[in-house]
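Q: I am new to this structure and would be grateful for a close look at one part of it, the aromatic residues and their surroundings.

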Amino acid sequence: MIKRGLLFLKSNAQLRNFGVYGIGQFFNLVTPLIVAPYLISVCGITGYGKASLAMALMFFLIVFVDYGSDIVGVKNVSIARHDRQALERVFAVAYAARLALFLIVSAVATVLFLIVPFFRSESTLFVLSLSVLAGQLVNPSWFLQGVENFTQITFANVVSKFIYLGGVFIFISEPEDYIWPNLIWGSGMLMAYSMSFLAIVRQYSFSFRGVAKADIKRYFTDGFPIFYSQVFLSAQMYSPIVIIGLLGSDVMAGQYRVVDQVIVVFKTYILLFFNFAFTRVCYLLDQNPARGIKYWLASNGANLAFLLLSMSGIWLFSHDVVSYFDPSHAVTISQLLRTAVIIPLLMGISVPLKQLVLGAGREMRYTRITMWVVLCNLALIFWMLPLRGVSGVIYAIILAEALTVALFYLAIRDKLLEWSK
């Protein structure tokens, strides 16, 4: 049986790629879970909150450096994979544009960190955190995904996370060291992804000579719609902790980060499942809509059952889960976590509906819904944070996710009736 399973895996390239890619994502998820208790014990919940706020801001700024290359770039590379000259042009133009964006974003951010009072008090932390942007600049995962080289993506991910783990446990030993974890994270990215970048240049004999300004301008024009939508999505993901840091306190930011550290494991799982099943859903809806809906219901129904079981376990053992991170604030954070378990359950409904909206070719409606939900979410967070603290932020996210479910359903209701006939 094991031999047959291995032979099946070997013959099924898509499943094998998903497995290899999943290993890399597993390291991305597990590494912070391993490090967080140590950082909290050494730097305190306040220092951990400051570092988490700075990291969330860097993850948001990454969107400006990527400029949609994780979607548009992957598509262009996939199309040009058998044409070396076209592949070189895509690669060279993208990196020329990314370099320009990195320099602009880093320069503007540095100025803001030095002159805005909120950032100036922790300017060293924020400036050092810009190393994360440098690591993302050289990150060639978008290119490797386009040529379906998931092994190299995973290798770079694993190497960068081992560098981070080693750096944290070696160099972080005092409360004042909270300024260093983000630099270590960025340094791990820079070293690992630079190796992958150079390997690609050598393998394909790429050159950066002759990159035309017109090509760079076209890169910005073609990528703007995706970049625009990605900005809103990133704002939804990373703004809560930034707003908490701005209007609340570093302790509150640390408490929210602990909750998010648990919930994000399941959010990432949901998004990975979306990417894996999306192609199959689109194909079946096009070929046999009734069969497509049947497959959609079966796969996502099983997924939702798994999430319900998982969230029930976390709700029951929330105090034990939180105590792993920070025993001193376990009572408060466990109460927050018990509320936050609703978020993955709602995502277990909204993300499958997103599959149908995009599968029906209603991309513009999806973009508009995303934009309005994010704006509503931000407004709710600003309103509820002063009233209810961190729990108010979690309630705001739950309401926004429920709104997403309702709007996605309304956007696809007519097609659901048509496909189900």
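Is Y219 buried or exposed, judged by its relative accessibility?

A: The model is a predicted one, and Y219 in this model counts as buried, because its relative accessibility is 16% and the limit for buried is under 20%. The residue that follows, F220, is partly exposed, with a relative accessible area of 25%. The rings of Y219 and F220 have centres 5.8 Å apart and planes at 75°, so this pair is edge-to-face; planes over 60 degrees apart fall in that class.

Y219 and F220 belong to one aromatic cluster, which also holds F60, F64, Y67, F224, F227, Y228 and F232. Within this cluster, F60 and F64 both come from helix α2, where 4 residues, about one turn of the helix, separate them. Their ring centres lie 5.5 Å apart with the planes at 75°, so F60 and F64 also make an edge-to-face pair. F60 is partly exposed, at a relative accessible area of 21%, and F64 is likewise partly exposed, at 26%. For the model as a whole, the count of aromatic pairs comes to 34.

Some rings have a charged side chain over the face. R98 is placed over the face of Y95, 5.4 Å from the ring centre. K161 takes such a position over W185, where the distance to the ring centre is 5.0 Å.

The nonpolar cores give the wider setting. The largest one has 98 residues, and the members that touch the most others are M58, F113, L133, V259, L356 and I394. Helix α2, which spans residues 13-66, gives the most to this core, with 17 residues. A second, separate core has 26 residues, among them A86, V93, W142 and F227; F227 is also a member of the aromatic cluster described above.

L356, one of the well-connected members of the largest core, shows which residues can gather around a single side chain. Leaving aside residues up to four places away in sequence, L356 touches V281, L285, I293, W296, I412, L416 and W419.

I412 is also touched by R362, whose other contacts beyond four places in sequence are V357, A411, D414 and K415. R362 lies in the loop between α16 (342-359) and α17 (363-388). R362 counts as buried, at 18% relative accessibility. A polar atom of the R362 side chain lies 2.5 Å from the backbone oxygen of A411.

Notes:
Residues are numbered from 1 along each chain as its sequence is written. This is a predicted model: local features need pLDDT of at least 70, side-chain atom pairs count only at pLDDT 80 or more; totals for chains, interfaces and linings use all residues. Side-chain values use heavy atoms; hydrogens and water are left out. A nonpolar core is a set of buried Ala, Val, Leu, Ile, Met, Phe, Trp, Tyr and Cys residues joined through side-chain atoms within 4.5 Å. Buried means under 20% relative accessible area, exposed over 50%, partly exposed in between (1.4 Å probe, protein chains only). Helices (H or I, at least four residues) and strands (E, at least two) are DSSP runs, numbered from the N terminus. Contact means heavy atoms within 4.5 Å. Rings of Phe, Tyr and Trp (its six-membered ring) pair if their centres lie within 6.5 Å; planes under 30 degrees apart count as stacked, over 60 as edge-to-face and the rest as tilted. A charge sits over a ring if NZ of Lys or CZ of Arg is within 6 Å of the ring centre and within 35 degrees of the ring normal. A polar contact is a pair of N or O atoms within 3.5 Å; within protein, one must be able to donate a hydrogen and the other to accept it, and residues adjacent in sequence count only if both atoms are side-chain atoms.
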